[in-house]
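Thanks for coming. I will take one chain today, beginning with a detail and then moving out to the whole.

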Amino acid sequence: MITLFRLRFLFTSSGFNHAHKCISDGQRLNFVLHPCFASERAVSKGVSHCKAVKGHLKSFCTLTLNRLCWNCGSSAELFFCSSCNAIQPADDKTNYFDLLKCEQTFSLDSQKLQKRYLELQRFLHPDNFGQKSSKEQEYSEEQSALVNKAYRTLQKPLSRAVYMLELQGVLLEEGTDATADPAVLREVMEINESLAETRSQDEVNAIGQSVREKLKDLTEQMNSSLNKGDLLTAKGLLAHMKYFTNIEEQVKGRITEGC
């Protein structure tokens, strides 16, 4: 049986960067690359029953496993059956980057990510399946919820970094990281103390601007580390990003409260 590691290598070396699937033992692999649609017409296979939905789903192509449709037994794609067009059950093991059809990189295009998310939800939203069977309604809710979860995860730099490291088997421990740079911890403590002592909106805004600049720098470092495959450095940066993201949330809360 082809291992997941070998599968990733084969597809990466051939230019296919979206083959990162969770594959169960004994599952026979039969990958099919479905054609992409560049124009703004509705896809004729897999989503024809959604013609009433406004807008058209571009590039509704996906790299799939040998998956059989629950309704007709034919080969099924990630979201819909290519034969009977029935919506398929969600696969929570699907890589979020594959699910939203975006490049698996930390510096992803956020506008393309949002566009893909909105396109998918137009076709998967439960409102489109009100006249369908209870099973299709259930699967629609599952698919829509999974797409929402994937989008929320990849949308923000911190959760995106956490997810990318998790894909590599690297987990961030709860609480304070004992290996964190003491200088960073002191800086975080000082900023928290300053924020607690602030009494004016200008002071809160100044702290917020400083924290955003720090997060921007950390984000650039994270992108560089992940691109190099330096997971140890990325893990340390992730802890730092978590500290400063928490401060940013506190600043937003102070601004909302009016200081």
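I start with Lys252 and Glu249, which are three residues apart in helix H8 (residues 231-257) and therefore separated by about one helical turn. Helices here are DSSP runs of H or I with at least four residues, strands are runs of E with at least two, and both are numbered from the N terminus. Lys252 and Glu249 form a salt bridge, with 3.8 Å between the closest N and O atoms. By salt bridge I mean a side-chain nitrogen of Lys or Arg within 4 Å of a carboxyl oxygen of Asp or Glu. Lys252 is partly exposed at 44% relative accessibility, and Glu249 is partly exposed too, at 43%. The cut-offs are these: buried is under 20% relative accessible area, exposed is over 50%, and partly exposed is in between, with a 1.4 Å probe and protein chains only.

Before going on, some housekeeping. This is a predicted model, in which local features need pLDDT of at least 70 and side-chain atom pairs count only at pLDDT 80 or more, while totals for chains, interfaces and linings use all residues. Residues are numbered from 1 along each chain as its sequence is written, and side-chain values use heavy atoms, with hydrogens and water left out.

How many salt bridges does the structure hold? Two. Besides the pair in H8, there is one between the side chains of Glu187 and Lys214, at 3.9 Å from N to O. Glu187 sits in helix H6 (residues 182-197) and Lys214 in helix H7 (residues 201-228), so the bridge links distant parts of the chain, 27 residues apart. Glu187 is partly exposed at 29% relative accessibility, and Lys214 is partly exposed at 24%.

Now the overall layout. The chain has eight helices and two strands, and from the N terminus their order is α-β-β-α-α-α-α-α-α-α. Of its 259 residues, 40% count as buried. The exposed area is about 14500 Å², with 50% of it supplied by carbon and sulfur atoms; accessible areas come from the Shrake-Rupley method with a 1.4 Å probe, and for residues only the protein chains shown count as cover. Of the contacts between residues at least 6 apart in sequence, 63% join residues at least 24 apart. Contact means heavy atoms within 4.5 Å.

Next, confidence. The mean pLDDT of the chain is 78, and 71% of the residues score at least 70; pLDDT is the predictor's confidence in each residue, from 0 to 100. Residues 1-64 have pLDDT below 50, although this stretch has 111 contacts in the model beyond near neighbours in sequence. Where pLDDT is low, the predicted coordinates should not be read in detail. Among the elements, strand E1 (residues 32-33) has the lowest mean pLDDT, 30, and helix H4 (residues 134-155) the highest, 97.

On to the interior. The largest nonpolar core has 47 residues, and those with the most contacts inside it are Phe79, Leu100, Val147, Leu154, Met222 and Phe244. A nonpolar core is a set of buried Ala, Val, Leu, Ile, Met, Phe, Trp, Tyr and Cys residues joined through side-chain atoms within 4.5 Å. Two or more residues come from each of H2, helix H3 (110-124), H4, helix H5 (157-167), H6, H7 and H8. Which element gives the most to this core? H8 does, with eight residues. Leaving out residues up to four places away in sequence, Leu154 touches Tyr96, Phe97, Leu100, Cys102, Leu108, Leu113, Arg160 and Tyr163.

Arg160 and Tyr163 also appear among the buried residues of H5, together with Leu158, Ala161, Met164 and Leu165. The buried residues of H5 pack against H2, H4, H7 and H8. Just after H5, Gly169 has a positive phi of about 80 degrees.

Last, the cysteines. There are zero disulfides in the structure, a disulfide being a pair of cysteine sulfur atoms within 2.5 Å. For Cys69, the nearest cysteine sulfur is that of Cys84, 3.7 Å away. Why is Cys72 not bonded to Cys81? Because the Cys72 sulfur is 3.6 Å from that of Cys81, the closest cysteine sulfur, which is too far for a bond. Cys69 is buried, at 5% relative accessibility, whereas Cys72 is partly exposed, at 37%.
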